[in-house]
Amino acid sequence: MKTNSKAIFSDILGAFAGSAVILPQSMGLGVVLFSVMGFDASSGALAGIIGAAILSLISGLFGATIGMLSAPNGPVTMLLVSTMTIMAGSGVSSDVMLLTLSCILVLTGVFQIIFSLLGGAELVKYIPYPVIVGQISAIGVLMIKSQISFIFNPFSQTDNLLLASIPLSIAILTILTIVLTPKLSKKIPAVLAGFVVGIIIYQVVDYIYVHSAFSSWVVGVVPGVQNLNFSLNLEDLKTLDFELIITTALALMVLASTDCLVTAIVADSQTNLRNNSKKEIVAQGIAQVIIGFLGALGGGGTKGATLINLQSGGRRWSGVFSSIFFILLVLFFGFLGEYLPIAVLAGVIIFVGFGMINFNLINWFIYKKSRVDGVIALTVFIVTISVNLVSAVGIGILISMIMYFRMQIKAPIIHMVRDGAHKHSLNIRTDEEKKVLSENGSSIVMFELRGSIFFATADKLLELSEQYIKKDQYLIFNFLRVQFIDISGIILILQISSRMKKAGGELILCHMHNELGIGKKINKALENIDKKNSIKIRTFVDTDSSFEYAENKILKKHGMLQNNSATYIQLEANTLCRNMNHTSIELIEKLSTKYEIKKGETIFEQDDEASSLFILLQGEVEIRLYASKDEYKRLAKYNSGTFFGEISFISPGKRSASAIANSDAILLELSHHAIVELEADNKEELLLSLLFELGERMGVELRNSAQEIRRLEQV
């Protein structure tokens, strides 16, 4: 992205608008966490601002997600609050809790960096949506719950109900202002409006009561950076509960990374750019480590502030400018905290918390088709509320694994089943061979496998294969769509192959691609996995080769595989001349040119101008469609007694493919022009016979092509 004065000015405006949203939220969340830890509100506000400054600065410098602002947010804070509540209940001192907080954030940052470098940033995206909804909704409730004490405690501090109701009233007015502002003006950030209106009303009420409000009702002077006297004492580390620290850090890593990536997607939707998730999580991890060493409050991406920043024109450097605003606030304007009522921050937090609650999870539970998702979301929600957020994150990850496992098990392992009656190899057969294959087509069955074949799905494959384990049956496993196969799946294939062999059938494998992790030498791999294995499984690179092999086995059993490439087939026995009289056959032989072709020679090439067909008397010819010099797709294979090139014979023009001799071959070339220029009494009879045979061949091929197109539409 180009940087110029106009872009910089837009970044400054966007950063200011976004910071106006981040400031009250960060300060409020800091107050919530540090109050649980036994510190005063001003220390919590400072921790929140410092956390926002560092997160926005590091994320902005990395530039992994254009326009995203990062700061302390609800999910991260409430998970830390959950941990600190556990510690406070055990009588742990404030200093130990602060040290624990620092260790958690440093480890979280380290885990995020390692996790991202190992490619884990992509995996975080696959946590099920119901799990995220349950967590976020519960966090919203916990955020609301955490503010109740701030606005209702005054009723226990004084008998003057009117005075005691001031914080509650201020919080309500702040929320109402935030709700109503978008209806009055879309240009003013709603949270900023509620923040300013709440402060003004509080100061007016306080003035009317002649400053009779309690000092605990305001944040107080925000300490400067010189008050960050947190120091890491290695001796104190020995007293910490590292099991709790590591558990929380791992949960926080997942939660913060997930929330951050969701925010990054929100930013991308506004900029039409693509975030670098790996780079972003590394940046967030570095920021968490720095925040941890400073004893401040960690966080991640903030959706509301990010949207306001982007809508205000902020892009590349808005995160850096937002950080500068927070640093200036701490350095020069900390005194403003004396005029900032906690009730206003409470109102902002309650509004944000309410917005995090997704009431759709109730509908999911009621609606039958989404009830499983509803149960998952409500389970995570209830665990978060009743136990703690750390446990809920763990349960959420466990549910994610179970759901993935369940999906893999329920997913169909067979994409399609095709048999030899509807699918044939590209080897062009004689009429007698076609008849045998048609009558015995059901003896060839191919399973187009899909997904993953592992211990949980292997038994399903065995169950589906049972009915085909019998005499003279050829079962083909096509692995083209298989993504993974474990040892259980491989052992099962060996078992099926053994059972097929004992029954008098055969298992054939094709498309065993390298991504399966077995390697190219399949039988060698099978031997390494099971040293006792003595079964050799026939393996082919493609579907056609496997079908051709099975067809040849059937023809051989019926004594029909005599017309191989080494057999010379007389012209009268060729498929083209099967229904012609002797005179027509003699004419064709007279009009044709005889060629002898060596193995590997090209008979004709793609795009050659041509007007003739070839009658194959002996040998094997392959029709290929070349994509490059060495890459091609085999379209058909012809053996002794067949013919090819009929399209150019009927309609002279460019060849659509190339013909290559797979063996030494003898063939006749019959030219279109030779037939047209023929002067003989039986010319019409010859033409009629030729057109009938060619038309029948092309009709069959068109029918097969239509059938293949229908199959492809179903894929």
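**Exercise 1. The edge of a sheet**

How many bridges join strand 4 to strand 14? Place both strands in their sheet.

*Solution.* The model is predicted: local features need pLDDT of at least 70, side-chain atom pairs count only at pLDDT 80 or more, and totals for chains, interfaces and linings use all residues. Residues are numbered from 1 along each chain as its sequence is written, and side-chain values use heavy atoms, with hydrogens and water left out.

Step 1. Fix the terms. Helices (H or I, at least four residues) and strands (E, at least two) are DSSP runs, numbered from the N terminus. Two strands pair if DSSP finds at least two bridges between them.

Step 2. Count. Two bridges join strand 4 to strand 14 (residues 632–639), and these strands run parallel.

Step 3. Pick a facing pair. Ile 428 stands opposite Tyr 638 of strand 14.

Step 4. Widen the view. The sheet is open and has five strands, in the order 4-14-13-17-10, with mixed pairing. Strand 4 (427–428) and strand 10 (602–604) are the edge strands, since each pairs on one side only.

**Exercise 2. Charges on strands 13 and 14**

Find the salt bridges that Lys 637 and Arg 634 make, then state the burial of each partner.

*Solution.* Step 1. Set the cut-offs. A salt bridge puts a side-chain nitrogen of Lys or Arg within 4 Å of a carboxyl oxygen of Asp or Glu. Buried means under 20% relative accessible area, exposed over 50%, and partly exposed in between (1.4 Å probe, protein chains only).

Step 2. Take Lys 637. Its side chain meets that of Glu 620 at 3.7 Å, N to O. Lys 637 is in strand 14 and Glu 620 in strand 13 (residues 620–626), so the bridge ties together parts 17 residues apart in sequence. Lys 637 is buried because its relative accessibility is 7%. Glu 620, at 17%, also counts as buried.

Step 3. Take Arg 634. It forms a salt bridge with Glu 622, and the closest N and O atoms are 3.3 Å apart. Arg 634 sits in strand 14 and Glu 622 in strand 13, twelve residues apart. Arg 634 has 15% relative accessibility and is therefore buried. Glu 622 is buried at 6%.

Step 4. Join the pairs. Asp 544, Glu 548, Glu 620, Glu 622, Arg 624, Arg 634 and Lys 637 are linked in a network of salt bridges.

**Exercise 3. A long-range salt bridge**

Which parts of the chain does the pair Glu 693 and Arg 578 link?

*Solution.* Step 1. Start with the total: the whole structure holds twelve salt bridges.

Step 2. Check the pair. The side chains of Glu 693 and Arg 578 meet at 2.9 Å, N to O. Glu 693 belongs to helix 28 (residues 683–714); Arg 578 lies in the loop between helix 24 (543–557) and helix 25 (582–591). The two residues are 115 apart.

Step 3. Compare burial. Glu 693 is buried because its relative accessibility is 4%. Arg 578 has a relative accessible area of 30%, so it is partly exposed.

**Exercise 4. Cores and a surface patch**

Locate the nonpolar residues, inside and outside.

*Solution.* Step 1. Define the core: a set of buried Ala, Val, Leu, Ile, Met, Phe, Trp, Tyr and Cys residues joined through side-chain atoms within 4.5 Å.

Step 2. Read the largest one. It has 79 residues; Leu 33, Leu 80, Met 84, Leu 101 and Met 143 touch the most other members. Helix 2 (residues 41–62) gives the most, with eleven residues.

Step 3. Zoom in on Leu 101. Contact means heavy atoms within 4.5 Å. Not counting residues up to four places away in sequence, Leu 101 touches Leu 33, Phe 34, Met 37, Leu 80, Met 84 and Ala 296.

Step 4. Go to the second core. This separate set of 29 residues includes Phe 479, Ile 493, Met 512 and Ile 522.

Step 5. Turn to the surface. A nonpolar patch has about 840 Å² of accessible area together, and Ile 324, Phe 332 and Tyr 339 are among its members. Patch residues have over 30% relative accessible area and no salt bridge; like charges are joined within 9 Å, nonpolar side chains (Val, Leu, Ile, Met, Phe, Trp, Tyr) within 5 Å. Areas come from the Shrake-Rupley method with a 1.4 Å probe; for residues, only the protein chains shown count as cover. Ile 324 lies in helix 15 (residues 318–332). At 36% relative accessibility, Ile 324 is partly exposed.
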